[in-house]
Amino acid sequence: MHIGPNVYLRSDGRWEARYQKSVDEKGRTIYGYTYGKTQEEAVSKRTAKLEQLFPNGNSSILASQNPNVSTCPPVCLTKQDSVKREKFLPPFSEAEAERIQSALIEQDQPESTAYLLGLFAGLSLGEIAALRYEDLDFVNHSITITRSARTSNRRLTVFPAQLRVVPMTDYIFWILKRRGADKKNGNHYLFTDSTDAVESTRRIEGRFRKLLSPSVDIKETPVEALRSTFVARCLETNLNIETVSKLTGADAESIYRYFGRYIRPVPLDIKRLDRYCRLDEKKNAKHLNLMILGAGSHGHGVMEIAKMTGVFGKIAFLDDNVAGGDVLGRCEDYLSFQREFPVAFPAFGENELRALWIERLQNAGFLIPRLVHPSAIVSGNVEIGEGTVIMAQVTVNPGAKIGDGCILAPNSMASFGSTIGSYSHLDSGCIVAKDVRVPEKTTIESGEICKN
């Protein structure tokens, strides 16, 4: 017999109280159960279990801290909710978005930080309201969404949401660190910087307009338009719809319906299929010819390592300043040599230039190898990106991640669990300590020890 909200009288005479534990990857609710000889006992056990699973997260606990928060039971996220088609507001124009961003940066308030996460991480209004400092991971540069807020009786109620991990951009990481978010109390809500959750959507919208006034002359500035602007920007920078869906938690169909006009074609991508037409060359690797862009000292160091691998048949250079010898022509002539040299490696010491040429070569369909000197000590449990060269006596410990287009100069070290961002340069003898993350296009000077 069903009596009350998710409370049942079983056939064996016991009372059963049901509650939502979590939601699986397909959006299906996972339930938990408590039992008692009386209805009150079963409900009391359920309340204790919810407090254990979701500290400060369900409505009854929030009500004890903030009398303005609704005391209605936690809202369960059902499968129907998880696949419900979303409605998006129109995004801000780029001019509006820039003015809003500038105004929020000038206001060093907890609320302004929360709104920036809507613009640069795609968080919804409910997620902004429910986010706590403990959800910010400054080691892995990510934001974990486990809760959201929903309006009930004109008040916001925090409830468990489907798990989602959103990577931080370098800009958001910098903003959060600059404002001391990594030193805040983990139980505090980001929007209020306290254990009290914000009480209503009207408060969130009103505070948003107040922070923008008078520098942003927009009559209506809905917070949800920040998320729409994030989606539009993602699609304009050629992130596919599936990726945007994972980032925002919105279904792909709704994203296409509201933002399809922001999708831009990438005509050069079709050339990437050429790499699948060289299966015979891959099987007989010694027939591959390598073209190195840049005939300077670094380029000749790359050639020496390439020869030691015994993989390449012919090795030649392209260079804008050097002529004769193994230099076949200028770098801008790279496409005319693709048939003879299907493998290319940009050997430029400047990080920005290396990044530019790796993108060009990838779009043109060249194979870009990873080159490792035989004397280097590289664990089998590491990730190494395309166009990265690891030179003599380098040590790369287990769990390290090396991005695309990196240079690890002789005797440098990437320690356990460290991450070297793409197009970075570890100069001779430098050390990147355990679990340290080096941002993209960073140069660590010779002999430097990078601990933070």
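Ile143 touches Leu117, Ala121, Leu131, Asp135, Leu136, Arg164, Val165, Val166 and Met168, leaving aside residues up to four places away in sequence. The model in which these contacts occur is a predicted one. Ile143 belongs to strand S5, which covers residues 142–152. Because its relative accessible area is 0%, below the 20% limit, Ile143 counts as buried. One of its contacts, Val165, is 22 residues apart from Ile143 in sequence, while the C-alpha atoms of the two residues are 5.7 Å apart in space.

**Helix H9**

Helix H9 comprises the 13 residues 224–236. At 1.5 Å a residue, H9 should span 18 Å, and the 19 Å between its end C-alpha atoms agrees with this expectation. Of the 13 residues of H9, 11 are buried, so the helix is largely enclosed by the rest of the structure. The buried residues are Ala225, Leu226, Arg227, Ser228, Thr229, Phe230, Val231, Ala232, Arg233, Cys234 and Leu235. Their cover includes five helices: H4 (94–106), H5 (110–121), H8 (201–212), H10 (241–248) and H11 (252–259). Asn238 follows H9 and has a positive phi, near 70°.

**Strands S7 and S8**

Strand S8 (residues 312–318) is mostly covered, with five of its seven residues buried. S8 pairs with strand S7 (residues 288–293) in the parallel sense, over five bridges. Within this pairing, Leu288 has Phe312 in S8 as its bridge partner.

**Two open sheets**

One open sheet consists of five strands in the order S11-S14-S17-S20-S23, with parallel pairing. Its edges are formed by strand S11 (371–372) and strand S23 (443–444); each has a single partner strand, so one side of each is left without a neighbour in the sheet. Inside this order, Val389 has Ile407 in S17 as its bridge partner.

Another open sheet of five strands follows the order S12-S15-S18-S21-S24, and here too the pairing is parallel. The edge strands are S12 (377–378) and S24 (449–450), each of which pairs on one side only. Ala414 stands opposite Val432 in S21.

The parallel strand pairs described in this report are listed below.

| Strand | Partner strand | Bridges |
|---|---|---|
| S7 (residues 288–293) | S8 | five bridges |
| S14 (residues 389–390) | S17 (residues 407–408) | two bridges |
| S18 (residues 413–414) | S21 (residues 431–432) | two bridges |

**The second largest pocket**

The second largest pocket has a volume of about 490 Å³. Its lining is made up of 15 residues, and those nearest its centre are Asp170, Thr419, Gly421, Arg437 and Glu440. Three elements give two or more residues to this lining: strand S16 (401–402), strand S19 (419–420) and strand S22 (437–438). Sorted by class, the lining of the second largest pocket contains four nonpolar, six polar and five charged residues.

Technical notes:
Residues numbered from 1 in each chain as written. Predicted model: local features only at pLDDT ≥ 70, side-chain atom pairs only at ≥ 80, totals over all residues. Heavy atoms only, no water. Pairing = 2+ DSSP bridges. Helix = DSSP H or I, 4+ residues; strand = E, 2+ residues; numbered from the N terminus. Buried < 20%, exposed > 50% of the residue type's maximum accessible area, 1.4 Å probe, protein only. Contact = heavy atoms within 4.5 Å. 1 Å grid on protein atoms, 1.4 Å probe; cavity = no way out; pocket = protein on both sides within 12 Å on 5 of 7 lines; lining within 4 Å. Points joined across faces, edges and corners; volume = space filled by probe spheres on them. Nonpolar A, V, L, I, M, F, W, Y, C, P; charged D, E, K, R; others polar. Expected span 1.5 Å × (residues − 1).
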